[in-house]
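Colleague: I would like to learn how to read a fold like this one, beginning with the whole chain and then turning to its sheet. Could you take me through it?

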Amino acid sequence: MLVERDVQLAELSRLLEGCIESRGATAVLRGPLAVGKTTLLRRFIEHAEAAGALVADAAGICPERNLPLGVLRQLFHGLHLGEAERLLAKGDLEAPCDPTVSTSGRLSSLSNRRLWAAVQALSECVPIVFTIDDLHYADDASLHTLEYFAGRVHNARVLIVATGAETPAVVDRLQGLWHTDLLRQREFHPVRVATLSEAGVAEVIAERMTPGDAERLARPWHRLTGGNPLLLMALLDDGRPGPEDTSDKVGAEYGKAVVACVRRGGRYLLNTARGLAALGSYASPARLSRLLDMPEGAVVQMVEALEATGVLAEGAFRHSSAPEALLADFPMAERVELHRATARILHHVGALPECVARHLVAAWHPDEDWAHDVLKDAAREALRGDELEFAMSCLDLAELAGGDEDGGLGVTILRTRVDFRNDLVAAFRRLDPLVRRLHQGELRSDLAAALIPALIWQGRADEAALAFRRLGQVTDDRDEGVTVEPGAVRGWTRFPPAPAAEGEYAPGSAPVLTVPGAAMLEGAAALVNVLRKGPADETVRSAERVLESLPLDDATFCAIQSALLALVYSDQTDLAAHWCDEMLRETSLRRATSWQALLAATRAEVSIRLGDLRAAQRHAGSALALIPARSWGVAIGLPLSSRMIAATGLGCDDGPEAVRAALPDTMYESRFGAQYLYARGQRNLSLGRLHAAHDDLFACGRLLQEWGIDLPAFVPWRLEAVQALLRLGLQDRAGELAAEQLTRPGVDRPRTRGIALRALAATAEPRRRPELLEEAADLLETGGDRAQLAYALGELSEAHRRLGQAGKARMAARRAERLAEECALAPLQKRLLAGGTGSGPLLAAPHPMYVLLKEGDLSAAERRVAELAAAGRTNREISAELFITVSTVEQHLTRVYRKLGVNGREDLSESSEGVRRSG
């Protein structure tokens with residue numbers, strides 16, 4: 001397609017008309033690389049042939065530049081001029097008269113006169129058009145003869161048309177070999193061919209796509225190509241961007257076109273483009289000159305040529321795929337040397353470590369004195385940017401680069417962080433060299449601090465305690481941090497603190513420690529505070545500060561998860577759910593498997609506190625699927641306990657036995673173990689294993705009390721313990737335990753207090769139970785725990801039923817059943833349907849018609865009328881209670897009798913009594 005080339009074609013047509021009338025001329029199509037000069041020349045050839053001219057065409061080829069007379073032989077090959085062919089075949093060349101002209105030789109003046117005479121004789125019969133594409137690649141001898149012809153075309157029917165690119169090397173060549181006096185002749189016509197305007201780009205797009213695409217893409221594609229037709233056609237070949245794609249999206253063809261475009265300018269232009277690609281944002285004429293061993297002035301000219309072509313804009317590539325394509329497009333040995341040289345220059349000018357390291361890794365060159373530290377720093381930055389493969393490559397090369405022994409251990413710590421994202425087993429395997437140095441007392445305090453979370457995760461309590469002691473002993477110049485209470489560090493996951501460290505570093509005691517990155521341990525401190533002292537507004541604010549201020553990365557993850565749990569155990573479940581969901585989306589996009597698993601486990605715990613047990617089961621299952629059971633360490637208690645609690649409430653299997661069999665013994669020395677004992681105790685209670693439930697729940701309680709974190713908002717173990725005691729006949733002990741629950745820290749929070757009141761109501765006098773349970777239901781509704789609310793309403797229904805308050809019992813039962821159905825609480829639904837058969841205080845007493853009416857194919861309105869009729873209400877009473885007419889009540893009852901197969905109200909009551917007894 002020839003767009004915005006009408007002026008150039010018109011000029012060439014005018015010259016052709018003059019040629020036919022014996023006014024010959026010489027024209028050179030000049031312009032940047034790859035702007036369509038060849039296409040324009042071919043279109044003109046078609047026009048000339050149609051006008052009856054004899055066209056002789058040739059093309060300069062870079063590898064044949066030193067082949068004497070190569071272009072001339074192409075031109076005369078089709079003219080069938082015997083003498084000319086003999087002269088060119090003989091190829092007698094002579095040295096130029098001017099010794100300053102560097103050339104391999106040229107035809108003599110006599111030979112040039114004979115060639116021109118043959119051409120002029122032929123032109124009297126037919127106009128002759130000589131066309132030479134890529135004149136800048138023509139050999140010297142051919143250029144000399146063409147120069148001779150150009151000086152004599154003014155009164156001949158001969159037209160010479162050539163194309164030439166505007167690069168510094170080409171300009172010098174044309175001015176040196178096509179003499180300056182020729183350029184001043186009136187028969188010489190330079191024809192300028194420019195890049196396309198934005199309107200021209202739109203016109204090209206419209207030819208291949210639609211007008212709408214042209215309007216949408218013209219501006220961004222003009223920005224990507226600079227109006228260069230070759231680059232524009234590459235974008236068209238890459239295909240139309242979809243509505244969801246950004247307008248600067250390019251495909252593989254664009255990079256290939258950039259390389260093809262630059263290659264047309266020769267070796268120096270290509271090397272300049274590669275140097276720009278290597279140096280990136282650090283490129284400057286001085287640095288390019290040093291990198292390429294070229295004069296700085298020549299570099300400036302090359303950059304200007306690349307700008308004119310459209311490959312560059314303001315000294316930078318128009319798209320990030322261009323430098324990648326250029327660096328990939330040359331032999332490996334040369335590429336390696338370029339990367340090495342670039343790394344040295346970038347390091348010398350103080351470039352960012354990751355920029356230097358990319359070239360070191362690309363060249364696999366660790367042999368610089370400064371490489372080790374640069375590669376380590378780059379690995380840290382790569383981790384922050386989720387470039388795990390590049391981070392590991394940097395660490396591999398850093399290991400080869402050597403460095404001091406502490407530097408090698410630092411590399412090991414960084415490798416552990418990389419592995420922690422997706423391969424916990426590999427991460428833990430890397431700890432042994434560090435632990436050996438820790439035992440030898442030779443591990444720096446910052447490295448000891450980095451070890452602590454992993455040691456705790458694995459349940460290596462003694463070694464974690466040793467690391468804590470190391471923190472208190474050494475503060476050297478390489479430690480960069482602020483003071484932090486050691487109890488806050490320990491609080492991330494382990495309770496109690498190891499006995500060996502507890503005496504020295506009890507929370508709140510001196511000395512304080514200087515730990516790298518201690519500012520990020522505020523989340524751990526928040527978790528410690530809430531577990532030891534109960535929820536407080538300042539704790540919630542502290543946790544929110546952590547979540548709002550810290551980016552999610554390897555150094556901050558533990559603090560962020562601790563802050564999330566601090567919100568959970570402060571009964572801020574809606575807020576915790578919001579943050580969990582946000583971070584789960586982020587970790588999913590960043591493909592950080594371990595982070596996803598831990599956040600999913602935390603989200604499962606949040607879902608339990610919201611009463612969404614199906615979501616809790618889903619999140620816990622996701623967590624266990626993302627990380628193999630053997631890789632969880634002591635933290636496996638977190639997802640496993642949530643899954644077990646959810647399964648108990650939903651009335652389904654709690655998962656594969658193999659996962660439970662993989663529990664490490666050290667888990668029971670951590671808070672995860674206490675959570676697991678609570679979940680297992682709840683499970684045993686639901687299955688009627690009362691003694692096993694009693695043992696698990698009281699073991700959980702003893703651990704929490706010993707560790708000083710007996711917080712109802714964390715693990716409300718007394719509720720299930722009270723139920724176990726009641727079912728074992730230990731009424732007095734159950735009452736003491738229920739009363740004790742109301743004295744614990746944080747019991748003033750709505751959800752926590754509602755659960756505590758449920759436990760108290762189970763042990764209270766029958767007449768006091770409704771009041772306690774009504775308050776519990778109100779608090780649980782405020783706290784947002786729908787599952788606990790359903791249980792409380794079921795118990796309230798039972799309490800009213802036992803007091804003979806049938807109406808209130810039915811009302812509470814309806815609410816409980818509706819919530820149980822919405823939350824899929826199958827065991828509660830079953831017990832509600834059973835009508836209170838003495839299997840515990842969680843049972844409600846729905847109306848005896850409940851099962852029958854559920855089985856009958858009744859509408860909601862018919863079911864309400866039938867329940868009241870079966871309870872002995874008259875039609876008028878039913879009418880008043882349901883706000884419908886007596887006639888409507890009678891119509892509903894008629895349909896109920898027919899659907900249930902009974903004869904009337906008396907049969908309805910008898911049927912319902914039979915259902916109650918059989919239940």
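The dialogue below goes from the whole chain to one sheet and a helix that lies across it.

Modeller: Please keep in mind throughout that this is a predicted model. As a start, the secondary structure of the chain comes to 49 helices and 11 strands.

Colleague: What share of the residues is buried, and what supplies the exposed surface?

Modeller: Of the 919 residues in the chain, 55% are buried, while the chain exposes about 39,100 Å², of which carbon and sulfur atoms supply 49%.

Colleague: How should I read the contacts along the sequence?

Modeller: Taking the contacts with a separation of 6 or more, 68% of them are accounted for by residues 24 or more positions apart.

Colleague: In which order do the strands of the open sheet come, and is the pairing parallel or antiparallel?

Modeller: In general, strands of a sheet pair through backbone hydrogen bonds, either parallel or antiparallel. Here 5 strands form an open sheet in the order β2-β5-β6-β1-β7, and the pairing is parallel. The edge strands, each pairing on one side only, are β2 (54–59) and β7 (188–192), and from one strand to the next the twist averages 15 degrees.

Colleague: How many bridges join β2 to β5?

Modeller: Strand β2 is joined to β5 (residues 128–133) by 6 bridges, and the two run parallel; within β5, Ile128 is the bridge partner of Leu54.

Colleague: Which strands does helix α5 lie across?

Modeller: Helix α5 (residues 109–123) lies across β2, β5 and β6 (158–165), and runs at about 125 degrees to β5.

Notes. Residues numbered from 1 in each chain as written. Predicted model: local features only at pLDDT ≥ 70, side-chain atom pairs only at ≥ 80, totals over all residues. Heavy atoms only, no water. Helix = DSSP H or I, 4+ residues; strand = E, 2+ residues; numbered from the N terminus. Buried < 20%, exposed > 50% of the residue type's maximum accessible area, 1.4 Å probe, protein only. Contact = heavy atoms within 4.5 Å. Areas by Shrake-Rupley, 256 points an atom, 1.4 Å probe, with all protein chains shown as cover. Pairing = 2+ DSSP bridges. Axes fitted to C-alpha atoms, helices over the stretch in contact; angles between N-to-C directions.
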